[in-house]
Amino acid sequence: PVVLFSALTGSPNGGGTWTGPSPVDANGTLDPGSSISGNYTYTVTPVLPCPAVSALVDVAITQAPSAGMDADAALCSSAPAAELIDLLAGSPDPNGVWTDPNGNASNGTFTPGLSTPGLYAYEVPAIANCPLDSSSVIISVSTAVFAGNDGDTIVCANGADFPMTPLLQGPYDTGGQWSGPQ
């Protein structure tokens, strides 16, 4: 909250009233989170026959920077590259800068298998009287399993049972299950 009375210069009399584009309480306190920019007028009504006098405070409310909210992301090593800003929670401003887990500048893209997993920090610069904002995303990467490449064979309908795993092309991870036509 901002006390508008402190923005008046000189020695203003107390007991006046505030008017403006948003409500101001009797103490002249304005809530920037729910108020709008504009001219706020302080008016003091004196004893007659003196006229009422007023003073103006021009209030400019700047939207605070938002770096979003911290998040965790678990990616697979075979996943496509991800934009780090899309991994943050909330609605981060797009004009921030990224730092990788080693403290180096980052381009804001994480490529599984190439980028270093860990904490990526995001910082949005200060605007006017609003301080900078920062958040982070912690990325972990799990290794993708590989079932091998497709293979084929021709067999006789009355032939003997045979193992299918050797028909897979290239290296493959063990522990998989076979399925097929019933």
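A strand here is a DSSP run of E with at least two residues, numbered from the N terminus. The model shown in these views is predicted.

**View 1. The largest pocket and what lines it.** This pocket holds about 270 Å³ of space. Fifteen residues make up its lining, and those closest to the centre are Val 2, Val 59, Ala 60, Ile 61 and Asn 129. Which strand gives the most to the lining? That's β5 (residues 53-59), with three residues. The lining as a whole breaks down into twelve nonpolar residues, two polar and one charged.

**View 2. The second largest pocket.** Here we're looking at about 200 Å³ of space. Residues lining this pocket include Phe 146, Ala 147, Thr 165, Leu 168 and Tyr 172, along with Asp 173, Thr 174, Gly 175, Gly 176, Gln 177 and Trp 178. Sorted by type, the lining comes out as five nonpolar, five polar and one charged.

**View 3. The largest nonpolar core.** Thirteen residues belong to this core, and the ones with the most contacts inside it are Leu 84, Trp 98, Phe 110, Tyr 120, Tyr 122, Val 137 and Ile 139. Three elements each give two or more residues to it: β6 (71-76), β11 (118-124) and β12 (133-142). Another core sits apart from this one; it has ten residues, including Leu 4, Leu 30, Tyr 42 and Val 44.

**View 4. Zooming in on Phe 110 and its contacts.** Leaving aside residues up to four places away in sequence, Phe 110 touches Leu 75, Ala 81, Ala 82, Leu 84, Ser 115, Thr 116, Pro 117, Tyr 120, Ile 139 and Val 141. Among these partners, Leu 84, Tyr 120 and Ile 139 also feature in the list of residues with the most contacts inside the largest core.

Technical notes:
Residues are numbered from 1 along each chain as its sequence is written. This is a predicted model: local features need pLDDT of at least 70, side-chain atom pairs count only at pLDDT 80 or more; totals for chains, interfaces and linings use all residues. Side-chain values use heavy atoms; hydrogens and water are left out. On a 1 Å grid over the protein atoms alone, a cavity is a set of points where a 1.4 Å probe fits but cannot get out, and a pocket is an open set with protein on both sides within 12 Å along at least five of seven lines; lining residues have an atom within 4 Å of a point. Grid points are joined across faces, edges and corners, and a volume is the space filled by probe spheres set on the points. Helices (H or I, at least four residues) and strands (E, at least two) are DSSP runs, numbered from the N terminus. Ala, Val, Leu, Ile, Met, Phe, Trp, Tyr, Cys and Pro count as nonpolar, Asp, Glu, Lys and Arg as charged, and the others, Gly among them, as polar. A nonpolar core is a set of buried Ala, Val, Leu, Ile, Met, Phe, Trp, Tyr and Cys residues joined through side-chain atoms within 4.5 Å. Buried means under 20% relative accessible area, exposed over 50%, partly exposed in between (1.4 Å probe, protein chains only). Contact means heavy atoms within 4.5 Å.
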